[in-house]
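Reader: I'd like a close look at one strand and its surroundings. Please keep it brisk, and give cut-offs where a term needs them.

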Amino acid sequence: MVMATTTSTTAHTSLASVTLEVADPEAARRFYSAFGVDTYVRLRASEAHSTGFRGFTLALTVSGPATVDGFVGAAVDAGATVLKPAAKSLWGYGGVVQAPDGTIWKIATSAKKDTGPATREIDEVVLLLGVEDVKATKQFYVGRGLTVAKSFGGKYAEFAPGQSSPVKLALYKRRALAKDLGVPADGTGSHRIALGSTADAFTDPDGFAWEAAASLAPTLS
């Protein structure tokens with residue numbers, strides 16, 4: 001009875017927005033504008049305590065290696081730190097940078113060779129949440145009304161995107177995500193991110209906070 005009520009009232013829940021909590025919103029706005037991703041995230045001021053890995057990354061998928069290099073270069077020129085230099089791998093080509101506000105960004109392509117000139121176009125943006133138990137957290141989100149688009153056992157899950165957000169939501173094992181990003185998995189305090197929900201507010205099993213999109217505090221986007 002409770003499950004039926006939960007499913008019916010949250011059947012259309014999806015990710016509406018991604019808000020990064022930063023110490024200096026104006027400086028962060030300048031950085032994200034120069035980086036080229038300012039239309040994908042919102043910003044708001046916060047001095048919440050946070051140490052180490054915040055448990056998430058935002059990943060950009062682009063067309064080719066030259067475009068990866070262009071985004072990495074733009075981020076570094078704007079003040080980002082390189083965590084993993086862009087390089088070839090078994091799955092393609094990519095690199096990882098950390099914004100001045102502490103947010104980690106991964107820029108990657110499945111292509112190992114350029115088939116055209118570098119562009120500033122982004123094919124996809126995915127918010128990867130590092131969680132302790134992918135299966136359990138996936139079921140939690142399904143219970144909140146999100147729809148699974150892809151799932152690979154207890155390793156990875158991706159949800160169908162909502163119409164109101166250009167960012168996809170996915171789950172990955174926290175330690176595996178940290179390893180992929182080249183950072184220690186340990187971290188404490190605030191995640192420094194708020195997810196906008198098309199339905200009600202809630203907090204997931206790993207402490208990521210969702211807020212009703214209609215009641216989100218004013219932000220700089």
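**Strand 10 and its neighbours**

Author: Strand 10 (residues 156-159) pairs with strand 9 in the antiparallel sense, over four bridges. Pairing requires at least two bridges found by DSSP. Strands are DSSP runs of E with at least two residues, helices are runs of H or I with at least four, and both are numbered from the N terminus. The model is predicted, so to speak of local features takes pLDDT of at least 70 and side-chain atom pairs 80 or more, while totals for chains, interfaces and linings use all residues. Residues are numbered from 1 along each chain as its sequence is written, and side-chain values use heavy atoms, without hydrogens or water.

Start with the partners across strands 9 and 10. V148 stands opposite F159 of strand 10. S151 faces A157, also in strand 10. Three residues lie between the two strands of this hairpin. There, G153 takes a positive phi near 55°.

Now turn to strand 11 (167-173). Strand 10 and strand 11 run antiparallel, joined by three bridges. In this pairing, E158 of strand 10 stands opposite A170 of strand 11.

Next, the side chains of strand 10. Y156 and E158 point one way. A157 and F159 point the other way. In a regular strand, side chains alternate between the two faces of the sheet. Y156, A157, E158 and F159 are all buried, meaning under 20% relative accessible area with a 1.4 Å probe, protein chains only (over 50% is exposed, in between partly exposed).

Where does strand 10 sit in the whole sheet order? Eight strands form an open, mixed sheet, in the order 5-6-7-4-8-11-10-9. Strand 10 therefore has strand 9, an edge strand (148-152), beside it. At the other edge stands strand 5 (81-88). Each edge strand has a single partner, so one side of each is left without a neighbour in the sheet. Neighbouring strands are turned by 15° against each other on average, direction ignored.

Last comes the helix over this region. Helix 4 (residues 134-144) lies across strand 9, strand 10 and strand 11, and also strand 8 (124-131). Contact here means heavy atoms within 4.5 Å. Helix 4 runs at about 145° to strand 11. Angles run from 0 to 180 degrees between N-to-C directions, with axes fitted to C-alpha atoms, for helices over the stretch in contact.
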